[in-house]
Amino acid sequence: MVMFEPTQLTEIIKIIENGNVIALPTDTVYGLVCKFDQITAVKKIYQIKQRPEAKPLQILVADWKQAKKLAVIDNQLINDLEKKFAPGKVTVIVKPMAIISQNDYWKQWDNIAIRVSASPFIQKIINIVGPLAASSCNLAEKVPINEASKINLANLDYIVNGKIINGKASAVYNSLTKEIIRK
């Protein structure tokens, strides 16, 4: 397993752009991420986590403008979310835009989950490589990990050492049913 520091941004970007999965600190918990449109890497997240294939991943974006390119999100929804949740603290379930149906992984879902990251580090990565497929960095159904030193997942080759901003998973809000699924 190769450990990087956040200052090694060029190397981290290369890892992601080359279709790899990397564990890195987000604003909520440690996440396993890859480019959202690289199906082999997306499948590797499932393998690393031992996650059931029936559970979709989320998409991390840098801002709402980027989110609107992938999903049906209007300004009223954004205003509602920003009133109810702190920045980066909500994953929203929405209808995907047509661009999503062009991807073999994402087209299987009627809805997608998107989160605007509040982490400047994650935003910087996303602004360079594009949206990221993501899931918490832990085995399926286990507690999320908040420290790089505690990550011990088979088949994970790359980790970024760093600090979590909050240490608690985001809330999940279903914009279609108007309900909070996870607080």
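**Nonpolar cores, helix α5 and salt bridges**

In this predicted model, the largest nonpolar core holds 44 residues, of which Leu32, Ile59, Trp106, Ile114, Ile151 and Leu156 touch the most other members. A nonpolar core is a set of buried Ala, Val, Leu, Ile, Met, Phe, Trp, Tyr and Cys residues joined through side-chain atoms within 4.5 Å. Buried means under 20% relative accessible area, exposed over 50%, and partly exposed in between (1.4 Å probe, protein chains only). At least two residues of this core come from each of β3 (30–35), α2 (39–49), β4 (58–61), α3 (64–68), α4 (75–84), β5, β6 and β9 (171–174). Helix α2 gives the largest share, 5 residues. Helices (H or I, at least four residues) and strands (E, at least two) are DSSP runs, numbered from the N terminus. Another core, of 20 residues, lies apart from the largest one and includes Ile12, Leu60, Leu132 and Tyr158.

Local features need pLDDT of at least 70 and side-chain atom pairs count only at pLDDT 80 or more, while totals for chains, interfaces and linings use all residues. Residues are numbered from 1 along each chain as its sequence is written, and side-chain values use heavy atoms, with hydrogens and water left out.

Helix α5 (residues 120–129) has buried residues Phe121, Ile122, Ile125, Ile126 and Val129. These cover an arc of only 130 degrees around the axis (taken from the directions from the helix axis to the C-beta atoms), which puts them on the same side of α5. Pro120 and Asn127 are exposed on the other side. Gly130, just after α5, takes a positive phi of about 100 degrees.

The count of salt bridges is 5, each defined as a side-chain nitrogen of Lys or Arg within 4 Å of a carboxyl oxygen of Asp or Glu. One joins the side chains of Asp157 and Lys44 (3.3 Å, N to O). Asp157 lies in the loop between β7 (132–136) and β8 (158–160) and Lys44 in helix α2, so this pair ties together parts 113 residues apart in sequence. Asp157 is partly exposed, at 34% relative accessibility. Lys44 is also partly exposed, at 25%. Another salt bridge joins the side chains of Glu141 and Lys55 (3.3 Å, N to O). Glu141 lies in the loop between β7 and β8 and Lys55 in the loop between α2 and β4, so the parts tied together are 86 residues apart in sequence. Glu141 is exposed, at 66% relative accessibility, whereas Lys55 is partly exposed, at 35%.
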